[in-house]
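Me: Could you take a close look at one part of this structure for me? I would like to understand a single strand and its surroundings.

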Amino acid sequence: MLFIISLFILSSCVKENEDCRTFITFVYDKHMQSGDLFVEKVSEVTLYVFDEGGKYLKTITANKNSLIDGSTVELGLPKYKTYTFLAWCGANSTYRVSDLKVGETRYEEVELQLSGSRDKIQGFSAKLDELYHGILENVLLESDEKKHVLFLTKNTNKIRFVLQQYNAETRADGFHLGDYTFELLSANGTLDHLNERAGADIINYTPYDSAGIHSGGWVEINTNRLFANEDFRFVVTRRKDSKKVFDISLRDYVLLTNMEGNDWSAQEYLDRQDRYLIVFFYSSLENGWSASQIVINDWVVYKSNEEL
């Protein structure tokens, strides 16, 4: 009887090491296109593994060349045990993940921060590495080489703001991009294990690219994950006297573009949409700017002569 039991154990998790193989396949299908774009969009993965007690076990990293079929990582973990898997793919130079101690750090304690941010206003002008998050909690690794699926959410967004003076009278004033500073303010510098906002850090995102055009100009700013229940603002300040000439909440205007025949929640729409072209047609007044029209991704979301 002892021989039979031993033979069963060997055949279930030792035989030529075949039955011990366990895998996770990454999928990125939460976007504005169709299908799984993981292979096309994600170049590397970092997977944090926690044991059945929720404590840190090890980190698995892989790039395109080492992923199986471009999207699957072999875990090298025994079957019939329960694990939690936390992924932050692309968390390189512009991010920092909590220090993890084997057998001590719980996955609920892990946070990701933009480099240098925590509970204070920070200026951030670097171009962010594209960041993706995913989590599988309390997964029992099963037999027959089953590939467990980890779905990813993209956190990073690119926003191009185009500023265009509205009429001939204001065009005569002249517009020089260098006369102003441009900021996107959002409290999203620190994220927890569930990809939710953690801490009270407000990030002051500033342009990493810009150019002047006739009677206007554009600036490109990127940001970490945007939240439907948190405000994010675009602020333009005149350098010579530090006067804010434009200060507008973007959240409600951006969410007005979620009208393309889908039933997504506001948060799902923000997670799917990662590029915005926001055009402001404005008139320059003595005490600030007055928006005449706002266009976001070809949707006219505001048209008025009232000052914002």
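What follows is a walk around strand 17, with a look at other strands and loops afterwards. Which residues of strand 17 are buried, and which strands does strand 17 pair with?

Reply: Happy to, and please keep in mind that this is a predicted model. Strand 17 covers residues 216-223 and is mostly covered, with 8 of its 8 residues buried. Take one side first: G216, W218, E220 and N222 are all buried there. On the other side sit G217, V219, I221 and T223, and these are buried as well, so both faces of the strand are covered, given that buried means under 20% relative accessible area.

Now for the partners. Strand 12, residues 157-165, pairs with strand 17 in the antiparallel sense over 8 bridges. Within that pairing, R160 stands opposite E220 of strand 17, and E220 belongs to the buried residues listed above. Strand 16, residues 209-213, also runs antiparallel to strand 17, and 5 bridges join the two. Here S210 has V219 as its bridge partner in strand 17; V219 is one of the buried residues too.

Strands 16 and 17 form a hairpin with 2 residues between the strands. In this hairpin, S215 takes a positive phi near 55°.

That backbone detail leads to two loop residues elsewhere. S242 lies in the loop between strand 18 (232-238) and strand 19 (243-249), and its phi is near 60°, positive in a residue other than glycine. D69, in the loop between strand 3 (56-63) and strand 4 (72-74), is likewise not a glycine and has a positive phi of about 55°. Both count as exposed because their relative accessibility is over 50%: the value is 58% for S242 and 66% for D69.

The two strands around the D69 loop take us to two open sheets. Strand 3 belongs to an open sheet of 5 strands with the order 3-2-5-9-11 and antiparallel pairing. Strand 3 and strand 11 (153-154) are its edge strands, each pairing on one side only. Inside that order, strand 5 (residues 82-89) and strand 9 (residues 132-140) are joined by 7 bridges, and Y83 has V139 as its bridge partner in strand 9.

Strand 4 is part of an open sheet of 3 strands, ordered 4-1-10, with mixed pairing. Its edge strands are strand 4 and strand 10 (147-151). Strand 1 (residues 23-27) runs parallel to strand 10, with 5 bridges joining them, and F23 has K147 as its bridge partner there.

Note on methods
Residues are numbered from 1 along each chain as its sequence is written. This is a predicted model: local features need pLDDT of at least 70, side-chain atom pairs count only at pLDDT 80 or more; totals for chains, interfaces and linings use all residues. Side-chain values use heavy atoms; hydrogens and water are left out. Helices (H or I, at least four residues) and strands (E, at least two) are DSSP runs, numbered from the N terminus. Buried means under 20% relative accessible area, exposed over 50%, partly exposed in between (1.4 Å probe, protein chains only). Two strands pair if DSSP finds at least two bridges between them.
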